[in-house]
Amino acid sequence: MMWLANPTRFSAFADAVLPWACALATVLIAAGLWQGLIVAPPDYQQGETVRIMFIHVPSALLGMGGWTLMSIASLGVLVWRHPLADVAAQAAAPLGAAFTFLALATGSIWGKPTWGTWWVWDGRLTSFLILFIMYLGVMGLRAAIDEPARAARLVAILTLVGFIDIPIIKFSVDWWNTLHQPASILRIGGPSIHPSILVPLIVNMLGLSVLFVTLLLALMRTELMRRRLRGLRLRAAEAA
Amino acid sequence: MIRSLMAVLRRDLTLAVRGGGAVGLSLVFFLGVVVLLPFAIGPDLALLARIGPAILWLGALLATLIGLDRLFQPDLEDGSLDGLLASSTPLSLIVLSKALAHWLCVGLPLAIAAPILGVLLNLPPGLPLWTGFTLLLGTPALTLVGAIGAALTVNLKRGGILVPVLVLPLTIPIVIFGVAATRDESAWTALTMLLAADLIGIVVAPLAAAAALRAAQT
């Protein structure tokens, strides 16, 4: 982490890693989708709709993971003053929002044939929708503040306050009676999913996580360039 | 330290009382929202009785949100925020006493007015007072969460719209438990959750708002 604190070094690192990460994500997602959509058997109750889960579950995980990453980056801004922490937090916000939206949309599409409704106001769905609104709020706050250094600290505070939603989402299926099924992968006693579905699910999770990291690195590199450009412009304006 | 906190509290209360009736305005807004909803929903008294507590809670939430941008902004405009920041009293405690003053001027009147409006909404006997009681327990949490949003946007020109956007998602649990506390089957659990929200708010909100006020000034 400290080694990458230098923006120039980080850009060089991102340049070197990006093609490989991109290729790895492509291979993993292709393999996961092929296994999930073609090889895996239809569920004995849900039928073919179970295949939506191969996108839904990784998206939901990355939607929550995005906020967790932003929270760690926010600590980096407020506590350690890491120079790249705010760049990471800024880049993670639209990605996390996109995956959260994807999880909400796929869940809704899955819910219509399975539960018979697009949406229910239960604990898991509502807390996840709150997560999506909070992503938009964080991006809105950043857009409203002109000065980057001030935006960094204020957004970091809001992100840390909003982190309270992440454990609520995780445990909502245990705390409230809900239509959404309880945890079936990370649970005491091992996963409760048959290997024929679990394996492509995990491959897809890995693939989409690598995709998340790839896009994060690319966005961070772009943002660094944008900030350098802004600095140069300001210096040019001062000199003129 | 206690003396300076009391001074902040007394100052804010005096300003609120003498400074152009902001206290009354949020109450009038609350009245407006609660009166507007039956027009939108229709004058079905049985339906109003069922959703009455939810209407009162939503009205109280909106009335709390609407005045939040005035929590710290006047202090920034007249420069007294710099004095508060430089004070030897911890900023988080100053924030807490400012939030208390704001709650006394906005939250408390809402909770007191709610039973009267509850009667207008045809709530069954006893429920208007009980709904007022849940608001009494819930509005402090709303004000405290709102204080975070007010501090984050203190020197933004577009802060007025941004505060509700930032604060609303965080208030959803409070509204859920507040309305649940007005139903018989879940009242006690929800009431304890409301108190928990107050306690979390008392600990977290002053710290977060103080950090935001400092960050906004640099």
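# A tour of chains A and B

H4(A) and H6(A) lie roughly antiparallel to each other, because an angle over 145 degrees counts that way and their axes cross at roughly 170°. Keep in mind as you click around that this is a predicted model.

**Stop 1: the H4–H6 pair.** Select residues 165–175 of chain A for H6(A), and 123–144 of chain A for H4(A). The two axes come within 8 Å, and H4(A) passes H6(A) in a left-handed crossing. Now show side chains where the helices touch. On the H4(A) side, pick A:Gly123, A:Arg124, A:Ser127, A:Phe128, A:Ile130, A:Leu131 and A:Met134. Facing them from H6(A) are A:Asp165, A:Ile168, A:Ile169, A:Ser172, A:Val173 and A:Trp175. Colour this contact by class and you get eight nonpolar, three polar and two charged residues. As you look at the spacing along each helix, recall that an α-helix has 3.6 residues a turn, so residues three or four places apart point the same way.

**Stop 2: all of chain A.** Zoom out and switch to cartoon. Chain A has seven helices and zero strands, so reading from the N terminus gives α-α-α-α-α-α-α. Its C-alpha atoms fill a box of roughly 70 × 35 × 30 Å along the principal axes. Of the 240 residues in chain A, 36% are buried. If you draw the contacts in chain A with a separation of 6 or more, 77% of them link residues 24 or more positions apart.

**Stop 3: along H2 and off its end.** Select 53–80 of chain A, which is H2(A). How far apart are the end C-alpha atoms of H2(A)? They are 38 Å apart, which agrees with the 40 Å that its 28 residues should span at 1.5 Å a residue. Just after H2(A) comes A:Arg81, in the loop between H2 and H3 of chain A. Check its backbone: phi is near 55°, a positive value in a residue other than glycine. Is A:Arg81 buried or exposed? A:Arg81 is exposed, because just 11 other C-beta atoms lie within 10 Å and 12 or fewer counts as exposed.

**Stop 4: A:Pro113 in H3.** Next, go to A:Pro113, which sits in helix H3, residues 85–115 of chain A. A:Pro113 is exposed too, with 12 other C-beta atoms within 10 Å. Add A:Gln46 to the selection and put a distance label between the C-alpha atoms: A:Pro113 and A:Gln46 are 8.8 Å apart in space, although 67 residues separate them in sequence.

**Stop 5: where chain A meets chain B.** Bring chain B into view. The contact takes 14 residues from chain A and 16 residues from chain B. Which elements of chain A give two or more residues to this side? They are helix H4 (123–144) and helix H5 (148–162). H4(A), which you saw at the start, gives the most, with seven residues. By class, the side of chain A that touches chain B has 10 nonpolar, two polar and two charged residues.

**Stop 6: B:Asn122.** Finish in chain B, in the loop between helix H7 (107–120) and helix H8 (127–152), where you will find B:Asn122. Phi of B:Asn122 is near 65°, again a positive value in a residue other than glycine. B:Asn122 has 18 other C-beta atoms within 10 Å, so B:Asn122 is partly exposed.

Note on methods:
Residues are numbered from 1 along each chain as its sequence is written. Chains are lettered from A and ligands numbered from 1 in the order in which they are written. This is a predicted model: local features need pLDDT of at least 70, side-chain atom pairs count only at pLDDT 80 or more; totals for chains, interfaces and linings use all residues. Two residues are in contact if their C-beta atoms, placed from the backbone, lie within 7 Å. Helices (H or I, at least four residues) and strands (E, at least two) are DSSP runs, numbered from the N terminus. Ala, Val, Leu, Ile, Met, Phe, Trp, Tyr, Cys and Pro count as nonpolar, Asp, Glu, Lys and Arg as charged, and the others, Gly among them, as polar. A residue is buried if 20 or more other C-beta atoms lie within 10 Å of its own, exposed if 12 or fewer, and partly exposed in between; C-beta atoms are placed from the backbone. Axes are lines fitted to C-alpha atoms, for helices over the stretch in contact, and angles run from 0 to 180 degrees between N-to-C directions. Angles under 35 degrees count as roughly parallel, over 145 as roughly antiparallel, 65 to 115 as roughly perpendicular and the rest as oblique. A crossing is left-handed if the near helix is turned anticlockwise from the far one by less than a right angle, and right-handed if clockwise. The expected span of a helix is 1.5 Å times one less than its number of residues.
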